[in-house]
Amino acid sequence: MDTSAPAPAPAVTRLQDIAVGDAAALLAAHGLQLVMVEDGAAIPGSYWGEPEAGIIASTVYARGDTPVHSLLHEACHLIVLPPERRAQVHTDATDSVIEEDATCCLQIILADELPGMGRARLMADMDAWGYTYRLGSTQAWFEQDAEDARTFLRERGLPHR
């Protein structure tokens with residue numbers, strides 16, 4: 001019988017590991033507001049529950065222990081939506097496959113705009129957290145299978161490289 005303790009959750013970069021002001025500025029550049037919630041408090045609009053980020057209209061909610069990939073993912077859900085749809089979002093942004101793919105692609109691209117993060121670190125965090133892609137890793141998907149997501153972003157005037 002195995003009596004060993006379960007493996008700890010994979011270490012990922014959390015908001016408390018970077019400058020929150022940088023994250024807030026990045027979101028503000030895309031018309032979003034970052035609201036930090038006190039440690040241990042419930043995160044409004046969190047689809048997966050704490051510590052995952054939450055979204056309501058143009059506001060992204062997070063705590064210090066929120067993974068950066070979660071913050072970016074939820075923010076990018078809002079960024080890819082037209083303003084009239086964004087205003088209606090509460091917790092769940094979409095059930096569209098292409099919007100989900102575009103969200104994943106954009107979160108990787110925007111990670112380069114966060115000092116101390118970058119796309120390589122973000123993709124490693126996404127893999128550690130459990131994102132899954134046909135090609136086996138976030139990086140393989142991003143480099144070899146995300147052209148439809150890039151087209152979606154390009155057509156909307158959003159960063160796509």
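A biologist asks and a modeller answers about this predicted model.

Biologist: Which residues are buried in helix α1?
Modeller: Helix α1 runs over residues 20–28. Its covering includes β1, β3, α2 and α4. The buried residues are Ala23, Leu26 and Leu27.

Biologist: How wide an arc do those buried residues of α1 cover around the axis?
Modeller: Ala23, Leu26 and Leu27 are the buried ones. They sit on the same side of α1, because the arc they cover is only 95°.

Biologist: Which element supplies the largest share of the largest nonpolar core?
Modeller: In soluble globular proteins, nonpolar side chains tend to be buried together. Here the largest nonpolar core has 43 residues. At least two residues each come from α1, β3, α2, α4, α5, α6 and α7. The largest share is eight residues, and the element supplying it is α4.

Biologist: Which residues touch the most other members of that core?
Modeller: Take Val60 as one of them. Val60 has contacts with residues including Leu27, Leu34, Ile55, Leu71 and Leu78. Leu27 is also one of the buried residues of α1. The full set is Val60, Leu71, Leu72, Leu114, Trp141 and Leu153.

Biologist: Asp125 has no salt bridge, so how far away is the nearest side chain of opposite charge?
Modeller: Asp125 lies in helix α5, residues 119–129. Asp125 is buried, and the nearest side chain of opposite charge belongs to Arg121. A salt bridge needs the atoms within 4 Å, so this pair does not count. The distance is 4.9 Å.

Biologist: Which residue's side chain makes a polar contact with that of Asp125?
Modeller: Asp125 touches Ala11, Val12, Thr13, His69 and Met117, leaving aside residues up to four places away in sequence. One of these also makes a polar contact of 2.8 Å, side chain to side chain. That residue is Thr13.

Biologist: Is Ser70 buried or exposed?
Modeller: Ser70 lies in helix α2. Ser70 touches Glu52 and Ala53, not counting residues up to four places away in sequence. The side chains of Ser70 and Glu52 also make a polar contact of 2.8 Å. At 3% relative accessibility, Ser70 is buried.

Biologist: Which peptide bond is cis, with omega near 5°?
Modeller: Look in the loop between β1 and β2. Pro51 lies there. The cis bond runs from Glu50 to Pro51.

Biologist: What is the phi of Ala57?
Modeller: Ala57 lies in the loop between β2 and β3. Ala57 is partly exposed, at 23% relative accessible area. Its phi is positive although Ala57 is not a glycine. The value is about 55°.

Biologist: Where does Thr91 lie?
Modeller: Thr91 is not a glycine, yet its phi is positive, near 80°. Thr91 sits in a loop that follows α3, residues 83–86. That loop is the one between α3 and α4.

Biologist: How many residues apart in sequence are Arg85 and Glu99, which meet in a salt bridge?
Modeller: Side chains of opposite charge can pair when their charged atoms come close. Arg85 and Glu99 meet at 2.6 Å, N to O. Arg85 is in helix α3 and Glu99 in helix α4, so the pair links distant parts of the chain. The separation is 14 residues.

Biologist: Which residue of the Arg85 and Glu99 salt bridge is buried?
Modeller: Buried means under 20% relative accessible area. Arg85 has 33%, so Arg85 counts as partly exposed. At 8%, the buried residue is Glu99.

Biologist: How far apart are the closest N and O atoms of Arg134 and Asp145?
Modeller: Arg134 lies in the loop between α5 and α6, and Asp145 in the loop between α6 and α7. Arg134 is exposed, with 73% relative accessible area. Asp145 is partly exposed at 23%. Their salt bridge has its closest N and O atoms at 2.3 Å.

Biologist: How many salt bridges does the structure hold?
Modeller: Another pair is Arg156 and Glu155, at 3.7 Å. Arg156 is partly exposed at 43%, while Glu155 is exposed at 61%. The number of salt bridges in the structure is six.

Biologist: How far apart in space are Ala120 and Gln16, C-alpha to C-alpha?
Modeller: Ala120 belongs to helix α5. Ala120 is exposed, with 58% relative accessible area. Ala120 and Gln16 are 104 residues apart in sequence. In space, the distance is 19 Å.

How values were computed
Residues are numbered from 1 along each chain as its sequence is written. This is a predicted model: local features need pLDDT of at least 70, side-chain atom pairs count only at pLDDT 80 or more; totals for chains, interfaces and linings use all residues. Side-chain values use heavy atoms; hydrogens and water are left out. Helices (H or I, at least four residues) and strands (E, at least two) are DSSP runs, numbered from the N terminus. Buried means under 20% relative accessible area, exposed over 50%, partly exposed in between (1.4 Å probe, protein chains only). Lys and Arg count as positive and Asp and Glu as negative; His and the chain ends are not counted. A polar contact is a pair of N or O atoms within 3.5 Å; within protein, one must be able to donate a hydrogen and the other to accept it, and residues adjacent in sequence count only if both atoms are side-chain atoms. Contact means heavy atoms within 4.5 Å. The arc is that of the directions from the helix axis to the C-beta atoms. A nonpolar core is a set of buried Ala, Val, Leu, Ile, Met, Phe, Trp, Tyr and Cys residues joined through side-chain atoms within 4.5 Å.
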